[in-house]
Amino acid sequence: MLVARSLDDFRAHPAGSYVAGRHWLYFAIDWTVFGYALWGTPAPQDLHALVHVLELELDREPHAAVVDVTNVDALSQEGFEILAAYVMQHADRLAHVVTRTAMIRSTGLNGAIASGFFDIVGSPFPVSFCNDLISAFSHLEHPRPRESAEALRLAIVTASGISEPLRELRQYLEANLATHSLASAARTMGVSSRTLQRRLGEHRTSFIEEAQEARVRVAERLLLRSDAPVTQIAIEVGCASSQHFSDLFRRRRGEAPSTFRARRRGI
């Protein structure tokens with residue numbers, strides 16, 4: 001189990017603990033593996049806060065790293081540039097401190113962005129991509145991969161407020177935007193439809209609510225990372241028409257898709 005600590009306490013006694021912000025946490029399984037996780041839609045101030053911690057941590061002894069970005073809903077161009085600037089500005093020191101990194105990525109557009117990050121920025125250390133936390137710790141030859149993966153998973157759940165069933169449902173919905181159903185989701189998660197509905201109720205949400213939010217999350221990524229027209233994005237996220245998509249996006253985000261794209265890109 002990883003325990004939450006203040007930044008000062010973490011700096012003095014990092015092993016088995018983490019420090020967290022609104023959309024990130026930085027952790028140390030022990031003295032051999034450090035790393036960070038991101039979730040949701042980190043704003044520039046969130047990433048600046050994470051980078052501040054990362055820069056302080058450049059004085060550590062050489063160690064391996066785990067980076068988990070599977071729960072990131074969207075990352076703005078500015079956010080991408082903040083992380084890129086950190087890697088490029090500290091490349092020499094990172095090459096000494098980080099022996100190798102295992103990055104856990106999701107499928108789809110976010111996974112492609114994560115995979116391409118070091119192709120664009122350049123990597124000062126060897127990077128491998130994994131599909132889950134256990135395989136990441138195993139790849140780094142950590143002696144307790146399952147125990148370490150579970151400790152980090154629980155820390156992320158605690159810091160982010162995203163429970164495992166909700167995380168699993170959101171992954172299912174994003175992979176099945178046009179074909180999802182309550183029954184299919186329940187089967188995938190290994191529970192009954194009634195149990196899934198009850199769990200969602202405990203989190204004050206519903207299947208319809210989560211399905212709509214999944215469409216908007218994926219749409220946000222496509223709007224920020226591609227120049228595809230709104231009509232094409234509407235089809236890709238499973239909306240019946242561009243008008244239906246625009247109405248849904250405006251209802252959940254308070255602005256039109258085109259306005260969101262222009263504002264986040266600084267146009």
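Which residues in H11 meet Phe245, Leu248, Phe249, Arg251, Arg252 and Arg253 in H13? Keep that in mind while you set up the viewer; the tour reaches the answer after a walk through the sheet.

**Before you start**

You are looking at a predicted model, in which local features need pLDDT of at least 70 and side-chain atom pairs count only at pLDDT 80 or more, while totals for chains, interfaces and linings use all residues. Residues are numbered from 1 along each chain as its sequence is written, and side-chain values use heavy atoms, with hydrogens and water left out. Helices (H or I, at least four residues) and strands (E, at least two) are DSSP runs, numbered from the N terminus.

**Stop 1: the sheet**

Select the strands. They form an open sheet of 7 with mixed pairing, in the order E1-E2-E3-E4-E5-E6-E7. Its edge strands are E1 (3-4) and E7 (127-130), each of which pairs on one side only. Here, two strands pair if DSSP finds at least two bridges between them.

Now colour E2 (residues 17-20) and E3 (residues 24-28). These two run antiparallel and are joined by 4 bridges. Click on Ala20 and you will find Leu25 of E3 opposite. Leu25 also stands opposite Ala37 in E4, so to speak a handy place to cross to the next strand.**Stop 2: E3, E4 and E5**

Add E4 (33-40) to the selection. E3 and E4 run antiparallel with 5 bridges between them, and they form a hairpin with 4 residues in between. On its other pairing described here, E4 joins E5 (63-72) in the parallel sense over 7 bridges. Two places to click are Phe34, which stands opposite Ala65 in E5, and Gly40, which stands opposite Val72 in E5.

Switch on a surface and look at how these strands are covered. In E4, 8 of its 8 residues are buried, where buried means under 20% relative accessible area, exposed over 50% and partly exposed in between (1.4 Å probe, protein chains only). For E5, 10 of the 10 residues are buried, so the strand is largely enclosed by the rest of the structure.

Next, show H7 (residues 145-160). This helix lies across E2, E3, E4 and E5, running at about 150 degrees to E3. Axes are lines fitted to C-alpha atoms, for helices over the stretch in contact, and angles run from 0 to 180 degrees between N-to-C directions. Contact means heavy atoms within 4.5 Å.

**Stop 3: Ala15**

Zoom in on Ala15, in the loop between H1 (7-12) and E2. Is Ala15 buried or partly exposed? With a relative accessible area of 33%, Ala15 is partly exposed. Not counting residues up to four places away in sequence, Ala15 touches Arg5, Ala28, Ile29, Asp30 and Trp31. Try a distance label from Ala15 to Ala28: the C-alpha atoms are 5.1 Å apart in space, although the residues are 13 apart in sequence.

**Stop 4: H9 and its cover**

Select H9 (residues 182-189), where Ser184, Ala185, Ala186 and Met189 are buried. Their cover includes H8 (164-175), H10 (193-202) and H11. Just after H9 comes Gly190, with a positive phi near 75 degrees.

Two packed helices are described by the angle between their axes and the distance between the axes. H9 and H10 pack at about 90 degrees with their axes 8 Å apart, which makes H9 roughly perpendicular to H10. On this scale, angles under 35 degrees count as roughly parallel, over 145 as roughly antiparallel, 65 to 115 as roughly perpendicular and the rest as oblique. To see the contact, show Leu182, Ala183, Ala185, Ala186 and Met189 of H9 with Ser193, Leu196 and Gln197 of H10. These divide into 6 nonpolar, 2 polar and no charged residues. The classes are: Ala, Val, Leu, Ile, Met, Phe, Trp, Tyr, Cys and Pro as nonpolar, Asp, Glu, Lys and Arg as charged, and the others, Gly among them, as polar.

**Stop 5: H11 with H13**

Back to the opening question. The axes of H11 and H13 (residues 242-253) come within 10 Å and cross at roughly 100 degrees, which makes H11 roughly perpendicular to H13. The residues of H11 that meet those of H13 are Glu209, Gln212, Glu213, Arg215, Val216, Arg217, Ala219, Glu220 and Leu223. By class, this contact of H11 with H13 has 6 nonpolar, 1 polar and 8 charged residues.

**Stop 6: H11 with H14**

Finally, keep H11 (residues 207-225) on screen and add H14 (residues 257-265): their axes come within 9 Å and cross at roughly 55 degrees. The two helices are therefore oblique to each other. Display Glu220, Leu222, Leu223, Leu224 and Arg225 of H11 alongside Pro257, Phe260, Arg261, Arg264 and Arg265 of H14 to see the contact. The contact of H11 with H14 holds 5 nonpolar, no polar and 5 charged residues.
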